[in-house]
Amino acid sequence: MAGLSPSERRLQKELMSLMKEPPPGMEVDSDKAEQNLNLWTIHMKGAEGTLYDGEEFQLQFKFGPKYPFDSPEVTFIGNNIPVHPHVYSNGHICLSILTDDWSPALSVQSVCLSIVSMLSSCKEKKRPPDNTFYVKTCNKNPKKTKWWYHDDSV
Amino acid sequence: MADENIEPDQSMDKKYYEDSNVNQDDLILQQSKNIEKEISDSIMLVGDKEEIMVLEQQYIGDEVYKGKVKDLARKYSSLRRTRPDGNCFFRSFGFALLESLYHNQSNYESFRIIAEKSKDKLLELGFQKFTLEDFHDQFMEVVNLIGKPDTTEDTLFEVFNNKDYSDYVVVYLRLIASGQLQQDADFYQNFIEGNRTVFEFCRQEVEPMFKESDHIHIIALSTALDVGVRVRYMDRGDSTEAIAHDFPEDKAPQIHLLYRPGHYDILYPL
């Protein structure tokens, strides 16, 4: 493991754990992640018995050199972006642990689980009320948005 | 609602964006980044020891503060500043604690055992094992320095100014505080404002880096590690002295911190 930075070491460890024991319905594209440790794609299935049952999504994780002290940049990518009150049509997700409430003790796995639970508790499939405006004006990096967090109970 | 804390008047906002061709979020973030950089360029994570009277120069013409500095000088010989990055309480606490153990090795072994065992307690509370282990390992590496014969005061100073160690120590101390709050959630719930549970409070105000500390953080950390802390409060209050609060209440202070609104530094008694 010589020559790896603390951030790379941590990512290696997380990748291994995610490949060995993936959370239900999730699979990390390990070939892609091994090629570039700072850019992962995770395939994710909508949980059974929820509004997203039967759908498949892709999550992209981008890691900066200060990971895990800085949060990863997490977005939905591909042609199926979940229709959800906290997910913008450009794939940006309004979830506090991705910015303000990120802690270095969280992980890719805990972020994935939070996103699954966010989708699972959804009662009505719809876009955020400010979707059109936001998608037009936002920065490409969702971490550069000063988020005003939606009510978690939505 | 993203971006705005009130229902946005879209027509006005849109006009603003078109006119200036800049994204307001970018400006805000750029500004806070610049401030952060200015702070990190000019203030070390943990600074050198300074004479207590250097504080007086900061408060020229301010009689309330000057009186309190004089009072402090009757009890303390020096202070050590830490970087005001929201982690100052945890970093000050960590440095002052290890420094005191370095000078008083008789307390070292019992502390080392508490620190070693703290991991199991956190695992029982449901913290994720492999991230927790990373922080615990790095923390123990720093703690174990105290027992090594070639460790000097400079070693601690260097380690605490090296982000790879210093920030790991901060994170682990945050996790210990969080664990203590969760373990005694029934008790601590009384001190949490708003409609948050202790668990939510820990996730939002204790575990993330750069979140500032309040009494509740200090009580939790000092209780969990069984380390007495005396905090001297220097504020606009009427008193002529910098009032002391001890945490936990009945414990003799092992380390001393100076609180000025929004920030903690380390104090050294005469």
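This passage describes the interface between two chains, a helix pair and a buried aspartate in a predicted model.

Between the two chains, 34 residues of chain A are in contact with 30 residues of chain B, and the area buried between chain A and chain B amounts to about 2900 Å², with carbon and sulfur atoms giving 60% of this area. On the side of chain A, the residues that lose the most area to chain B are A:Phe69, A:Phe133 and A:Trp148, which together account for 24% of what that side buries.

Within chain B, the axes of helix H7 (residues 129-145) and helix H9 (residues 163-183) come within 8 Å and cross at roughly 115 degrees, and the crossing of H7(B) with H9(B) is left-handed. The contributions from H7(B) include B:Leu132, B:Phe135, B:Phe139 and B:Val142, whereas those from H9(B) include B:Tyr165, B:Tyr168, B:Val169 and B:Leu173. The residues of this contact between H7(B) and H9(B) divide into eleven nonpolar, two polar and three charged.

Elsewhere in chain B, B:Asp71 is located in helix H4, which spans residues 63-75. B:Asp71 counts as buried because its relative accessibility is 5%, the threshold for this class being under 20%. The side chain of B:Asp71 is joined to that of B:Lys75 by a polar contact of 2.8 Å, and a polar atom of the B:Asp71 side chain also lies 3.1 Å from the backbone nitrogen of B:Ala242. When neighbours within four places in sequence are left aside, the residues in contact with B:Asp71 are B:Thr240, B:Glu241 and B:Ala242.

Technical notes
Residues numbered from 1 in each chain as written. Chains lettered and ligands numbered in written order. Predicted model: local features only at pLDDT ≥ 70, side-chain atom pairs only at ≥ 80, totals over all residues. Heavy atoms only, no water. Axes fitted to C-alpha atoms, helices over the stretch in contact; angles between N-to-C directions. Helix = DSSP H or I, 4+ residues; strand = E, 2+ residues; numbered from the N terminus. Left-handed = near helix turned anticlockwise from the far one by under 90°. Contact = heavy atoms within 4.5 Å. Nonpolar A, V, L, I, M, F, W, Y, C, P; charged D, E, K, R; others polar. Buried < 20%, exposed > 50% of the residue type's maximum accessible area, 1.4 Å probe, protein only. Polar contact = N/O pair within 3.5 Å; in protein donor to acceptor, adjacent residues only side chain to side chain. Buried area = accessible area lost by both parts, 1.4 Å probe.
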